[in-house]
Amino acid sequence: MLVERDRLEAMHASLHVLPPEDHDDIGKALTLRLGASEMAAQDGAMQGKVADFLVARVDPENDDEDIVVLAWSDLAASIEHEGAEQAAVARLAELGLEQSALREAMARKVVNEARIVAIREFREVLANPGSAYAPVPRNEYEPISQDIVPAPIPSAPSPAQPPVTGPYATMTAKEALEKFFEHNPRTGGKDGKSRRKNGQAWTAKTRKQARVAARFLDDVMQGRPLAQITHDDLVKLNYCFERVHGATLLRSPKQQDMTILEIVDEYEALVGENDKLAAKQAQQPKADTDGSDTPTRLTRKDLGLSLVTTNRHFGFLRQLTTWFSRHHPIAELDYSAFIMKKQGNAREDRQRYTEEQGRMIFSLPPWTGTSSPKRRMQPGNSIVHDSWYWVPMIAWYTGMRLDEISSLELDEIEFAGGHWQIQVKPNSLRGLKTGSSKRVMPVANELLRLGFVNYVEALRAEGECLLFPELLPESGIGTLGRAFYKTRWTHLAKQLPFLVEGQANHSFRHTAIDAMKAAGIPSEIRADFAGHKLTSETEGRYSDAHMKLLREAADTIPMVTDHLAPYPISLLPQRLRQPRKARPKRLEPRGRE
């Protein structure tokens, strides 16, 4: 706008110095040029380009005056009008932004809209020159003469404010998020390593989830900076969330290189093909179709992120935009339209296991005999002690979270006060869900009977540091809990016909807590056992007396492994205890075409 104002003033001055040949009246010449310039800018803003057009000036009060007709290209050349294309490219270069077709198109639109506002403002100044100057304050001690009645000053629209510039004006959502990390040590700071003594910072997993939310927002804004976000962008993002498949979203290398808009199109095409195939199979005779061999196909009802995941994405974006608005003005955003509360009883969200179901779980080959370390679901005569064997059992008898168990380090298993216990604390692999998650857990007697301590000592003798080294990814990406779920639990789940939606590893936790509640264990002991926030600090927490109460609480959990005999510890071969290698990437090129 400032550039356009200067150009208009220079054009006005040039008309006085070198009057145009087609006009003997400078005012009429100026009116023609302002009108034509505004029309060109409107075409550019609406259509993305300016096609040449004819401009005519007719004086309705003078029939004898000639009609002046000019082409815009000739008129633009006579007033040294710079095209929006050149101005847009120059502005992007000035801001240090990488040139792209999308950014150039957006910049042309901004240039044209700024020209429209500048031209209208220039006309207002011509009609009322005083509006170009700020009002001069009158000193309070100067009395106003009673004989003089001030003439009313005609009101004029306030000049449009120049756009706010600076580093925040051009940041994308992902760039703004990194600045948000830097400004907020509670998120881990710029490099994710900012920590305070006894403080709880965001984990690497939380930071990764926030980056995914910012990435999705950038995708729907298609190159526009975060400063230009509108409520419509959130609506578009929510539309995408309803049309992707949560279980497979961003799980493949291919999708890592795609925008969420492209991923939506991919799922839409896949569902469409599956619908056609299902319709075709429905028309075939039943004898030709064996339903048992038909693979499960993605259907439209399978699409849509869960409420928890959607709320998490919008929660991160609300934090980001609230912080960003303190540094740069943005449109008002109503996140309450997207963040919803889950209906129903929270206690029924995750189904607990019955004692009978627990016995069925621990009657599968990993506990009763398997054929080999690599074929754990195939019955045999071998017992191998590793994450297959111990993770579900620890989950049953301690109620610990999957990530807490899978990421345990050997030095967190200790003998104190005459008893074995587990220190649940942040370690080199993971943080904790909340501050109250840091706690001490008793090792259940049944775990001791089946050789858990012997397993720990055998790993120490082998020079290991982790309780389950085979779950560690070689790339360092991903949690060990996720690795167990994908590589172990999914195979176990196929052999458990009683499973219903919501029943998984977390159901072990609900089973333990519900058993304690049924046995009359006080709420503060249950909360401490589970790592929930305490309503009041327990006196003598983790003293010998308190640990005795926790052991008594653990004894109320149903015994479902008493049919298993203890076996001599058999570790995985060292080659199988190495960090897991990533799946090899396909050689064909991936990414956007």
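Two strands count as paired here if DSSP finds at least two bridges between them. With that in hand, strand 3 and strand 4 make a hairpin, with 2 residues between them. What you're looking at is a predicted model, and its chain comes to 21 helices and 7 strands. Of its 593 residues, 40% are buried. Take the contacts with a sequence separation of 6 or more: 64% of them join residues 24 or more positions apart.

**Strands 3 and 4**

- Strand 3 covers residues 370-372 and strand 4 covers residues 375-379; the two run antiparallel and share 2 bridges.
- If you want a spot to start from, T370 sits opposite P379 of strand 4.

**The sheet of strands 5, 6 and 7**

- Further along there's an open sheet of 3 strands, ordered 5-6-7, with antiparallel pairing.
- Which strands stand at the edges? Strand 5 (413-416) and strand 7 (439-442) do; each has a single partner strand, so one side of each has no neighbour in the sheet.
- Ignoring direction, neighbouring strands here are turned against each other by 40 degrees on average.
- Strand 5 pairs with strand 6 (residues 419-424) in the antiparallel sense, over 4 bridges.
- Along that pairing, F415 faces W420 in strand 6, while A416 has H419 of strand 6 as its bridge partner.
- The hairpin joining strand 5 and strand 6 has 2 residues between the strands, and G417 takes a positive phi there, near 60 degrees.
- On the other side, strand 6 meets strand 7, again antiparallel and over 4 bridges; V424 is matched there with R439 of strand 7.

**S407, just ahead of the sheet**

- S407 belongs to the loop that runs between helix 15 (402-406) and strand 5.
- Is S407 buried or exposed? Its relative accessibility is 3%, under the 20% cut-off, so S407 counts as buried.
- Leaving out residues up to four places away in sequence, S407 touches E412, N427, L429, R430 and L480.

**Two nonpolar cores**

- The largest nonpolar core takes in 60 residues, and W390, M393 and L467 have the most contacts inside it.
- Helix 14 (residues 387-398) is the top contributor to this core, giving 9 residues.
- A second core of 45 residues lies apart from that one, and its members include A210, C240, L249 and L298.
- Back in the largest core, what does L467 touch? Setting aside residues up to four places away in sequence, its contacts are I394, L408, E409, L410, F452, Y455, V456 and L459.

**Cysteines**

- C240, one of the residues in the core of 45, has a relative accessibility of 1% and therefore counts as buried.
- C465 is another story: at 57% relative accessibility it is over the 50% cut-off, so C465 counts as exposed.
- How many disulfides are there? The count comes to 0, going by pairs of cysteine sulfur atoms within 2.5 Å.

**Helix 11**

- Helix 11 has 18 residues (307-324), and at 1.5 Å a residue it should span 26 Å. Its end C-alpha atoms are 25 Å apart, so the span agrees with what's expected.
- Plenty to look at on the inside: the buried residues of helix 11 are T309, T310, N311, H313, F314, G315, F316, L317, L320, T321, W323 and F324.
- What do those buried residues pack against? Their neighbours are helix 6 (173-183), helix 7 (204-221) and helix 8 (231-241).

**M106 and a contact across the sequence**

- M106 is part of helix 5 (residues 101-127).
- With a relative accessibility of 26%, M106 falls between the 20% and 50% cut-offs, which means that it counts as partly exposed.
- How far apart in space are M106 and R224? They're separated by 118 residues in sequence, but their C-alpha atoms are 7.8 Å apart.
- M106 touches R224 and also Q228, once residues up to four places away in sequence are left out.

Definitions and conventions. Residues numbered from 1 in each chain as written. Predicted model: local features only at pLDDT ≥ 70, side-chain atom pairs only at ≥ 80, totals over all residues. Heavy atoms only, no water. Core = buried A, V, L, I, M, F, W, Y, C linked by side-chain atoms within 4.5 Å. Buried < 20%, exposed > 50% of the residue type's maximum accessible area, 1.4 Å probe, protein only. Contact = heavy atoms within 4.5 Å. Expected span 1.5 Å × (residues − 1). Axes fitted to C-alpha atoms, helices over the stretch in contact; angles between N-to-C directions.
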